[in-house]
Amino acid sequence: MADLKALSQAIITGSKDKALEITSSALAEGLSPESILNEGLVAGMNIIGERFKNNEVYIPEVLMAAMAMKTAMEVLEPRLVEAGVEPIGTAAVGTVQGDLHDIGKNLVVMMLKGAGFEVIDLGVNVSAQAFVEKAKETNAKIIGMSALLTTTMPSMEKTVTAVRQAGLSVKTMIGGAPVTQAYADKIGADGFAPDAASAVDLAKFLIGK
Ligand code: B1M
């Protein structure tokens, strides 16, 4: 019998092969894709997220957990779609225009996916217009922007302004090493998160979950 506690442990320790093996056998045994996701993968990512927030683990461990989750999701995702498990919301996430740093953004994407969001990853160097168009096209509830350079932070303000001008009701959230809550307040973004785990809490809060 597939052990979902062992699956969450495989995520925590970043064991890709183990995560894939347990996910595949759980599916073969007929466990519901939703319980595999929530009790196995998401449970593991939540623990890693908390440990990361408390400085008990660091970026390499989070990246390894994220990779293990990604590997398991490759076999689970089609079954979730078949089972009609509704994502809790869609988030369009990217690194803003002029900025090529994506390690933090990728962590945020992984953690949001782990929490049950459908995430449209726009990549790096994303213009205000591209954020707005993608949000419209996908009916996203959240636009998430990352910036690592003080020189690219103004691209966040441009995006917030473009969202307002387009009349979208999408929420905007921002993060990245030089970004602060005070900056979010200044540009009128709906929220700021200092790390990937807090980004999940914030995203859930912004959509009322
Ligand atoms: Co760059 N770089 N870099 N760099 N780089 C920094 C950011 C810098 C601080 C280094 C320094 O000078 N000490 C400096 C910025 C200075 C400033 O603006 N004040 C800098 C510079 C200057 C540059 C270049 C201009 C260098 C040059 O070419 N002269 C150049 C710019 C290129 C460009 O973007 N146009 C450049 C290039 C690069 C590399 C390509 C070599 C590489 C990026 C590789 C990649 O991302 N694929 C790189 C790296 C790796 C860094 C450092 C070393 C590490 C950044 C990182 O990945 N941190 C960085 C120095 C440092 O931070 N120690 C530096 C780990 C990551 C997990 O953290 O992204 O903060 P972070 O994400 C966190 C949180 O901030 C938060 O969650 C994450 C996880 O907890 N978060 C969000 C992030 N996004 C979020 C979004 C949210 C919510 C939370 O909501 C949506």
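**From the overall fold to the cobalt ligand**

The protein chain is made up of nine helices and five strands. The model in which these elements appear is a predicted one. Following the sequence from its start, the elements of the protein chain come in the order α-α-α-α-β-α-β-α-β-α-β-α-β-α. With a radius of gyration of 17 Å, close to the 17 Å given by the globule rule for 209 residues, the protein chain is therefore as compact as a globular protein of that length. Measures along the principal axes add to this picture: the C-alpha trace of the protein chain spans about 55 × 35 × 25 Å.

The next matter is how the chain packs and what it presents to its surroundings. Of the 209 residues in the protein chain, 49% are buried. Among the contacts with a separation of 6 or more, 71% are made by residues 24 or more positions apart. The protein chain has an accessible surface of about 10000 Å², and carbon and sulfur atoms account for 53% of that surface. As for charge, the protein chain carries 18 positive and 24 negative charges, and the mean positions of these two sets lie 4 Å apart.

The path through the structure ends at the ligand and its metal. The cobalt atom of the ligand has a single donor from the protein, namely the NE2 atom of His101, at 2.1 Å. In the sequence, His101 belongs to the loop that runs between strand 1 (90-96) and helix 5 (103-114). The protein's single donor to the cobalt atom is thus placed in a loop between a strand and a helix.

Definitions and conventions. Residues are numbered from 1 along each chain as its sequence is written. This is a predicted model: local features need pLDDT of at least 70, side-chain atom pairs count only at pLDDT 80 or more; totals for chains, interfaces and linings use all residues. Side-chain values use heavy atoms; hydrogens and water are left out. Helices (H or I, at least four residues) and strands (E, at least two) are DSSP runs, numbered from the N terminus. The radius of gyration is taken over C-alpha atoms; the globule rule is 2.2 Å times the number of residues to the power 0.38. Buried means under 20% relative accessible area, exposed over 50%, partly exposed in between (1.4 Å probe, protein chains only). Contact means heavy atoms within 4.5 Å. Accessible areas come from the Shrake-Rupley method with a 1.4 Å probe; for residues, only the protein chains shown count as cover. Lys and Arg count as positive and Asp and Glu as negative; His and the chain ends are not counted. The place of a charge is taken as NZ of Lys, CZ of Arg, CG of Asp or CD of Glu. Donors are N, O and S atoms within 2.8 Å of the metal (3.2 Å for Na, K and Ca); water is not among the atoms, so sites may look incomplete.
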